[in-house]
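Visitor: I am in my first year and would like a close look at a single part of this protein. Could you take one helix and walk me through its surroundings, step by step?

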Amino acid sequence: MSTTPTSAEDVYHQPLRAQFEAFLDQHRAMLSSCLDGLTEEQARRSLVPSRTTLLGLVKHATFVEKVWFDEAVTGRSRADIGIPATPDESFVLDDTDTIDGVRRAHREACAAARRATAALDLDDLLPGNRRGRLPLRWVYLHVLRELAQHCGHAEILREQILATAE
């Protein structure tokens, strides 16, 4: 677990790095919590034409963590990391994907991301991105934007799933 405070209010007067990390951790937790109290069937339920499901969103978030905090930081290939080649593929669920397993993988990816960036400064350039070298600051903002978007997706899907369960 991160030692960074998770409340935006807790980091209001702290350095920018602590603010980024607190907001990232809040969004990571919010996305994972979309699976709270759901059955395996509910977590896999497809309500839109795309591959987007609640379980798929958390699995995709694991992919995002590994792309931005392993591939971008280390320059290792996605094949070497053991993740899909494309974002769309990261939503695909197989029979072994369970709520507990996907959440565990997500927690582990988040912890690895924290370790990978612990010694870096916000202006350090990360070598492993197709766009070229990017500063850690940009990566934090990009991941925060993506997590916020997926939290919104998850909130709507969860609301629909719970409405049909009543």
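Guide: Before we begin, one term is needed: two residues are said to be in contact when they have heavy atoms within 4.5 Å of each other. Please also keep in mind that what you see is a predicted model.

Let us set the scene with the whole chain, whose secondary structure comes to 6 helices and 2 strands, and whose elements, read from the N terminus on, follow the order α-α-α-α-α-β-β-α. The radius of gyration is 16 Å, close to the 15 Å that the globule rule gives for 166 residues, so the chain is as compact as a globular protein of that length. Its C-alpha atoms fill a box of roughly 50 × 40 × 25 Å along the principal axes, and 42% of the 166 residues count as buried. If we take the contacts between residues at least 6 apart in sequence, 68% of them join residues at least 24 apart.

The part I have chosen is helix H1, which covers residues 16-33, together with its partner, helix H3, which covers residues 54-74. Two packed helices are described by the angle between their axes and the distance between the axes. Here the axes come within 9 Å and cross at roughly 150 degrees, which makes H1 roughly antiparallel to H3, and the crossing is left-handed. On the H1 side, Arg28, Leu31 and Ser32 take part, and they meet Leu57, Val58, Ala61, Glu65 and Phe69 in H3. Sorted by class, this contact has 5 nonpolar, 1 polar and 2 charged residues.

Ser32 deserves a closer look, since at a relative accessibility of 15%, which is under the 20% cut-off, this residue counts as buried. Leaving aside neighbours within four places in sequence, Ser32 is in contact with Val58, Arg103 and His106, and Val58 is one of the H3 residues in the helix contact described above.

Leu16 also lies in helix H1, and at 36% relative accessibility Leu16 counts as partly exposed. Not counting residues up to four places away in sequence, Leu16 touches Leu122 and Arg137. As for distances along the chain and through space, Leu16 and Arg45 are 29 residues apart in sequence, and their C-alpha atoms are 38 Å apart.

To gather the picture of H1, this helix runs roughly antiparallel to H3, and holds both the buried Ser32 and the partly exposed Leu16.

Terms used:
Residues are numbered from 1 along each chain as its sequence is written. This is a predicted model: local features need pLDDT of at least 70, side-chain atom pairs count only at pLDDT 80 or more; totals for chains, interfaces and linings use all residues. Side-chain values use heavy atoms; hydrogens and water are left out. Axes are lines fitted to C-alpha atoms, for helices over the stretch in contact, and angles run from 0 to 180 degrees between N-to-C directions. Helices (H or I, at least four residues) and strands (E, at least two) are DSSP runs, numbered from the N terminus. Angles under 35 degrees count as roughly parallel, over 145 as roughly antiparallel, 65 to 115 as roughly perpendicular and the rest as oblique. A crossing is left-handed if the near helix is turned anticlockwise from the far one by less than a right angle, and right-handed if clockwise. Ala, Val, Leu, Ile, Met, Phe, Trp, Tyr, Cys and Pro count as nonpolar, Asp, Glu, Lys and Arg as charged, and the others, Gly among them, as polar. Buried means under 20% relative accessible area, exposed over 50%, partly exposed in between (1.4 Å probe, protein chains only). The radius of gyration is taken over C-alpha atoms; the globule rule is 2.2 Å times the number of residues to the power 0.38.
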